[in-house]
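User: I have a two-chain model open and would like to talk through how the chains meet. Could you help me read it?

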Amino acid sequence: MEIKVIREGKTIVFQGKEDETLLDQLREQGVYISAACGGGGRCGKCRVQMIQGATEPGEEDVKCLGQEELEAGWRLACSAYPREDCTLVIASADESRFEVVAGSPEEETRSAETESGYDIAIDIGTTTIAIELVGRSRGQSLHTVTSINHQRAYGADVISRIQASNEGEKEALQESICRDLYEGICRLLAESGARPELVGRIAIAGNTTMGHLLMGYSCETLGVYPFTPVNIETITAAFEEMFASQIKEHGETALKLNAQVTLLPGITTYVGADISAGMLSCEFDRREKPCLLIDLGTNGEMALGSKDRILVTSTAAGPAFEGGNISWGMGSVPGAICGVSVQNGNAQVETIGNQPPVGLCGTGVIETTYELVKEELVDETGMLEEDYFEEGFPLAETKKGETIVFTQKDVREIQLAKSAVRAGVETLLLRFGVGYEDISQVFLAGGFGYRVDLAKAVGIGMLPKELEGKTTAVGNSSLRGARLYLTQEDSPKRLQQILASSKEVELSSDKDFNQFYTEYMFFE
Amino acid sequence: MEVLEEIIAAIEAGKGKRVKWLIMQALEEGCTPWEIVDFGLIPAMESVTRKYHDEQFFVPEVILASHAMSVGTRILSEYLQEQPREPVGTVVIGTVKGDLHNIGKNLVVMMLRGVGFLVYDLGYDVSAETFLKKAIEYEADIICMSAMLTTTMPQMQKVVERLVSRRLRDRFIVMVGGAPVTEGFAKSIGADIYTKDAGMAAIEAKKALEYRKEQSG
């Protein structure tokens, strides 16, 4: 059986296997497609069009796809088992162009050529990866490269990655992240012109699951209570050891750095090194008055505290802020709608790079929700106006003439996500024993938090109005923490101090959290 | 009766205090406690379930409504004890081992009690062994399991496997639910009932038990 894949004009052909899903076979061939739910037949993101030899539509296909789509040969790759020669077209947006936030705007890059030595700081996010060249003389960021985390083919959130690892994909996941890092470092050095022999140290921050997958640790205990990690201490390894398989693969031409790699320490399974690094960069250990750090990603980690005491937690915000689980949702790629205004039932949209609209990214999701609530097209319980209830609210048209809509289900997804964040914040305040007025500063971290219109996030109730004036977007605080770790001598000690004063609050069985979670699901 | 209609409306609106007041009113007007259950609480729950299905209601409304309903069941329980009626059936329920999520499971508990089941709530992080032990101890008809994480879903399979290996599978109806659970998953582990939400769970549980009684009787 021959499977032919056409993507963006390129064709590859491979020998199909009867006992594997199309998604698995595509992954093996290195054909990347997004599978937000991890191949569970729920998110519909892995859809491909089988223009010849289409499989019989299954239960999952019928649920996720319309009649017209089914007739045109659209199937979910995760539940399709091709039995005969087939040809498929992958039209999904190429997420390799994901716009990733690395630093913050005020940081200028300098020429790399004048430096006598370099270090490299890395942030491994569940969705994206940022790699930064740091000059040793002034500890400055000289150049940054970003990419998506190709483990996304195994699921959008950490839980689906953990599950994939437990189901025998551990080595494949490790291989995937090592390749992303290795290739990213090669690109960083090539683009900046920095000489490889001058690279001394590499510091990596990432959530605990990312760390486990990189080190090849078992994830068996990460997904079940009491959520015990294998190792979240500081880990060091030689570059050539960590990237041995990449170096072997590239043979003669391989990049060999005489560098030491350090994986920063985390706090718990669900509050990892990315957050401890974030707290380092927000100087939690030097603050007299409590401040709040919120990472608005899929895991919604947050930390509240000052130099003596810190409470940390994570709240399952889900992938809605990154466009996941939203009908027309997608990552921050060119053409994704990122700004919306609605007047008299008509929407005006702005897209990334001013490209023709192709879907909706996280900020677009927030803006749409805010506008619909403001225009009273969504009521306080989250119900969409009757006229739009069936088909969804139309936002824009794609080049092909399809209507990009925001549906009732999408509003519900955002209600779940925003109330998870808000309830997390409220529970932390309650446990810490402080009110809004006691908080000196709020830091919004993460690519999404960076671009979001704060007033609109407050408008839908994701954050309390009282904290609006104290909030700043800090971009990738994890990456900056990793850089500080390399450049400031006392950083390792400070990081240990932060870890020692941090305590985790577990939310899923917390009565107050559950109460807040229900309460804040409404719109005010 | 008008007051029963009002009870339905108050439950839908999540108004616990008003439900309490209306029930006292209904009793004064001569309704029997069981009439209030059959023509007030149960139709209210069915209506909430229907609205959730039609996407008119979302999680918070359902939670508020079920709180209001539980206020009703609590008040009525005193009176109902004086005129006992056989429970529809007995259920042991819990969130599976490794999982601490409670909200969804608590909703199912309230809904099941609403339609007249005797429910033993085993809480969260419940091991397969505990499910079995308690089901046997309470002579349950139904074992109901919830999981909110894809990583804890396999625990449900463990329970079914143990039932099979101990030749107890036919004695219990196995129900599963929770956000990541699908019909397909339920089938694959050999569960009997899967529903998407708490209200349907109560309705389907009742149906399954009635069907079973017909078959055996």
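Here are a few questions and answers on the contact between the chains and on one helix.

User: How much area is buried between chain B and chain A?
Analyst: Happy to help, and please keep in mind that this is a predicted model. The size of an interface is often given as the accessible area lost when the parts come together. Carbon and sulfur atoms give 66% of that area here, and the total buried between chain B and chain A is about 2,200 Å².

User: Which three residues supply the most of the area that chain B buries against chain A?
Analyst: The contact takes 27 residues from chain B and 25 residues from chain A. Within chain B, 28% of the area buried against chain A comes from three residues, more than from any other three: Phe58(B), Leu100(B) and Thr151(B).

User: How many salt bridges are there between chain B and chain A?
Analyst: The side of chain B that touches chain A holds eleven nonpolar, nine polar and seven charged residues. Five residue pairs are in polar contact between the chains, counting pairs with both residues at pLDDT 80 or more. A salt bridge needs a Lys or Arg side-chain nitrogen within 4 Å of an Asp or Glu carboxyl oxygen, and the count between chain B and chain A is zero.

User: Which elements of chain A do the buried residues of α15(A) pack against?
Analyst: Helix α15 of chain A spans residues 491-501, and its buried residues include Arg494(A), Leu495(A), Ile498(A) and Leu499(A). Residues three or four places apart in an α-helix point the same way, because there are 3.6 residues a turn. The buried residues of α15(A) pack against α8, β14, α14 and β22 of chain A.

Conventions. Residues numbered from 1 in each chain as written. Chains lettered and ligands numbered in written order. Predicted model: local features only at pLDDT ≥ 70, side-chain atom pairs only at ≥ 80, totals over all residues. Heavy atoms only, no water. Contact = heavy atoms within 4.5 Å. Buried area = accessible area lost by both parts, 1.4 Å probe. Polar contact = N/O pair within 3.5 Å; in protein donor to acceptor, adjacent residues only side chain to side chain. Nonpolar A, V, L, I, M, F, W, Y, C, P; charged D, E, K, R; others polar. Buried < 20%, exposed > 50% of the residue type's maximum accessible area, 1.4 Å probe, protein only. Helix = DSSP H or I, 4+ residues; strand = E, 2+ residues; numbered from the N terminus.
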